[in-house]
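Subject: A structure for you to explore

Hi there,

I am passing on a structure that I would like you to look at, with the sequence beside it. Please open it first, and then read my notes below.

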Amino acid sequence: MTQAELDYIGSITIDADLLDAAGIREYERVEIANVERGDRFATYAIAGERGSGVICVNGAAAHCANVGNHVIIMAYAQMDEEEAASAKPHVVFVDGFNHASRITRYEAHGRLEDLA
């Protein structure tokens, strides 16, 4: 978390590069898990400045995270059986500046495989 803005209507601002890497669309509903506090809450994503590394929880949700906390941002999709059979979710790991350092996909519990 780089920012928390209570005086805002809601959402989580995410560096546009990270949105692209994760396949998250602007205004898509996301769920956030705060690693340090154990809080989990839902909001929607808005694009932040590309390359900035910004992760900013806005509005009332800002009470659920502090600057410096580590968060996991998750997006889900509803799909039919055929779509689900070929779905390959992306998992984006970041460095200390919130720039994508590794993009993987889960193949089995606890095992990661890098994307080519």
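Let me start with Asp17, which counts as partly exposed because its relative accessibility is 35% (buried means under 20% relative accessible area, exposed means over 50%, and partly exposed is in between, with a 1.4 Å probe and protein chains only). Please keep in mind that this is a predicted model, where local features need pLDDT of at least 70, side-chain atom pairs count only at pLDDT 80 or more, and totals for chains, interfaces and linings use all residues. Residues are numbered from 1 along each chain as its sequence is written, and side-chain values use heavy atoms, leaving out hydrogens and water.

Salt bridges

What does Asp17 pair with? Its partner is Arg50, and the closest N and O atoms of this salt bridge are 2.8 Å apart (a salt bridge is a side-chain nitrogen of Lys or Arg within 4 Å of a carboxyl oxygen of Asp or Glu). The pair links distant parts of the chain, 33 residues apart: Asp17 is in helix H1 (residues 16–22), while Arg50 is in the loop between strand E4 (40–48) and strand E5 (55–58). Helices (H or I, at least four residues) and strands (E, at least two) are DSSP runs, numbered from the N terminus. Asp20 joins in too: a network of salt bridges links Asp17, Asp20 and Arg50.

By this rule, the count of salt bridges comes to 4. One of them is formed by Arg40 and Glu31, with closest N and O atoms 2.5 Å apart. Arg40 counts as exposed because its relative accessibility is 51%. Another one is where the side chains of Arg37 and Asp39 meet, at 2.9 Å from N to O. Both residues of that pair are partly exposed: Arg37 has 39% relative accessibility, and Asp39 has a relative accessible area of 25%.

How the strands pair

Now please find strand E3 (residues 29–34). How many bridges join E3 to E4? There are 5, and the two strands run antiparallel (two strands pair if DSSP finds at least two bridges between them). Arg40, which we met in the salt bridge with Glu31, also turns up here, as the bridge partner of Ala33. Ile32 stands opposite Phe41 in E4.

E3 and E4 form a hairpin, with 5 residues between them. In the turn you will find Gly38, with a positive phi of about 80 degrees.

E3 also pairs with strand E6 (residues 71–74), through 4 bridges and again antiparallel. Here Glu31 has Met74 as its bridge partner in E6. As you follow these strands, remember that in a regular strand the side chains alternate between the two faces of the sheet.

E4 has a further pairing. Do E2 and E4 pair in the parallel or the antiparallel sense? Their pairing is parallel, over 4 bridges. One place to see it is Thr13, which stands opposite Ile46 in E4.

Thr13 has another contact for you to check: its C-alpha atom is separated by 6.4 Å from that of Val57, although these residues are 44 residues apart along the chain. Val57 is in strand E5, and Val57 counts as buried because its relative accessibility is 0%.

Two residues with a positive phi

Finally, have a look at two loops. Ser11 is in the loop between strand E1 (3–5) and strand E2 (12–15). Phi of Ser11 is near 100 degrees, which is a positive value in a residue other than glycine. Is Ser11 buried or exposed? Ser11 is buried, because its relative accessible area is 1%.

The other loop lies between strand E7 (91–94) and strand E8 (100–108), and Asn98 is in it. Asn98 is also a residue other than glycine with a positive phi, here near 60 degrees. With a relative accessible area of 14%, Asn98 is buried.

A good place to begin on screen is Arg50, with its salt bridge to Asp17. From there, you could go on to the hairpin of E3 and E4.

Happy exploring, and write back whenever you like!
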